[in-house]
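Colleague: I'd like a close look at one part of this model, the place where the ligands sit. Could you walk me through it and then work outwards into the fold around it?

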Amino acid sequence: MQDDGLLTFDILSNSLGKTLDLEKHDARENLPRASVTFTSYMTFSQMSSYLEGLPAQYPQRIRVDKPGRSFENRNIYRVRMTNNITNTVQKKVVFVDGGIHARELVSPAAALYVIETLIANTKLTETIEWQIMPMLNPDGYEYALNKDPLWRKNRSKSPSSTCYGVDLNRNFGFQWGGLGASSSPCSDIYKGTSAFSEPESRALRDAMLPLKGKVKAYITFHSFGQTILYPWGYSTQVKHPLTATMDTAAKAMAAQIKKTTLAVYSVGNSAVVYYPVAGASDDWAAYAMDIAHSYTIELRDKGVYGFKLPASQILPTVRDAWEAVKTLATLV
Ligand code: 0X9
Ligand code: ZN
């Protein structure tokens, strides 16, 4: 069942309460726009209204398109933003995504906060074109919000099983089917029937591939653990040639988070600090897109609440995310 009919601005602003007031720059301030909030978990429909409204509000700086649709036919959005959006030829791209894993509800919120904060920051959008896909798994997110708070995968139907869902972070086309991925459709880490079998992972691939050579950094938000991870994640034995560069940048991100929000994030190779995982988006981005800086950021918390992070923690958590992204943008 799809649920992405657009809510009106009035309903949104009444029901979502306090909104951030960061939209002063370059705004057609007399036009209302659907709100974004970081004091409660937004529904996909609310996020859609917010995203759909951005280009009209910031016509010089923002474009929104849909590089794909989910298994249940929801839009998968991409927001592109830079100063003077019609002139992006010389600009480097920083690519950010959220929501690959359904139950990690704070992840799309982090990507939305990056969008909202960049609206107010014309300096970081001067030389960089930002491409942000805040919600890669809308079906799973809605399922986690409404039915099962611990749902992780997408909601595709396996032809060979009664179980639903593929772990999108096992479905990317680099080292697909290796360590840390399952062939069982009922597993939470099911890899799918082939690399990029899922429309959601294809949406990210299709958005990114034409940008090869331009994307200088990729960040994918997950939770939880307060950790900044870098490739290779498919094996503990194979070291990425740019390990030292990524380690330095990850440490800079963690230091900046500590300085500003006081949260402590640890840093390291994905496979070593977590566990080996093949077919994840971070490795694919580093390999297929040849991106020198590719990170999975596991946001708050450290396991007290885990995936059920209280709404009061959204704002502090997305601030961590922003500090990390901002720091990285100055290094690439
Ligand atoms: O297992 C995952 O997909 C990520 N952790 S999570 O708890 N959010 O599910 C970690 C992926 C790290 N990347 C690689 N190992 N390639
Ligand atoms: Zn995750």
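Modeller: Let's start with His-222, since a nitrogen atom of ligand 1 is 3.2 Å from an N or O atom in that residue's side chain. Keep in mind that this is a predicted model. His-222 also serves the metal: the protein donors of the zinc ion (ligand 2) are His-101 through ND1, Glu-104 through OE, listed twice, and His-222 through ND1, at 2.0 to 2.3 Å from the ion. Written along the sequence, the spacing of those donor residues is H-x2-E-x117-H. His-101 belongs to the loop between E3 and helix H3 (106-119), while His-222 belongs to strand E5, so the pair ties together parts that are 121 residues apart in sequence. Both His-101 and His-222 are buried.

His-101 has a link to ligand 1 as well, with a polar side-chain atom 3.4 Å from an oxygen atom of that ligand. Around ligand 1 there are 16 residues, and the closest are Arg-152, Asn-169, Arg-170, Asp-282 and Glu-298. Take Asp-282 from that list: one of its polar side-chain atoms lies 2.7 Å from a nitrogen atom of ligand 1.

Asp-282 leads us on to Ser-294, whose side chain reaches the backbone oxygen of Asp-282 at 2.8 Å. Ser-294 is part of strand E8, and with 0% relative accessibility it counts as buried. Not counting residues up to four places away in sequence, Ser-294 touches a set of residues including Tyr-218, Leu-229, Tyr-230, Met-246 and Asp-282.

Now back to E5, the strand that carries His-222. Strand E5 covers residues 215-223, and eight of its nine residues are buried, so it is largely enclosed by the rest of the structure. What does E5 pair with? Strand E3 (residues 92-97) is one partner, running parallel to E5 over five bridges; here Asp-97 has Thr-220 as its bridge partner. Strand E8 (residues 293-299) is also joined to E5, by seven bridges and again in parallel, with Ile-219 standing opposite Tyr-295.

Step back and you'll see these strands as part of an open sheet of eight, in the order E1-E2-E4-E3-E5-E8-E6-E7, with mixed pairing. Its edges are strand E1 (62-69) and strand E7 (266-269), each of which pairs on one side only. From one strand to the next, the twist averages 20 degrees. Over towards the E1 end of that order, strand E2 (residues 75-81) and strand E4 (residues 128-133) pair antiparallel over three bridges, and Arg-80 stands opposite Gln-131 there. Helix H2 (residues 44-57) lies across E1 and E2, at about 35 degrees to E2.

One last stop is Gln-175, in the loop between helix H4 (138-146) and helix H5 (199-208). Is Gln-175 buried or partly exposed? At 38% relative accessibility, it counts as partly exposed. Leaving aside neighbours within four places in sequence, Gln-175 is in contact with Tyr-234, Ala-278 and Gly-279. Gln-175 and Tyr-234 are 59 residues apart in sequence, yet their C-alpha atoms are 7.1 Å apart in space.

Key:
Residues numbered from 1 in each chain as written. Chains lettered and ligands numbered in written order. Predicted model: local features only at pLDDT ≥ 70, side-chain atom pairs only at ≥ 80, totals over all residues. Heavy atoms only, no water. Pairing = 2+ DSSP bridges. Helix = DSSP H or I, 4+ residues; strand = E, 2+ residues; numbered from the N terminus. Axes fitted to C-alpha atoms, helices over the stretch in contact; angles between N-to-C directions. Contact = heavy atoms within 4.5 Å. Buried < 20%, exposed > 50% of the residue type's maximum accessible area, 1.4 Å probe, protein only. Donors = N, O, S within 2.8 Å, 3.2 Å for Na, K, Ca; no water. Near = heavy atom within 4 Å. Polar contact = N/O pair within 3.5 Å; in protein donor to acceptor, adjacent residues only side chain to side chain.
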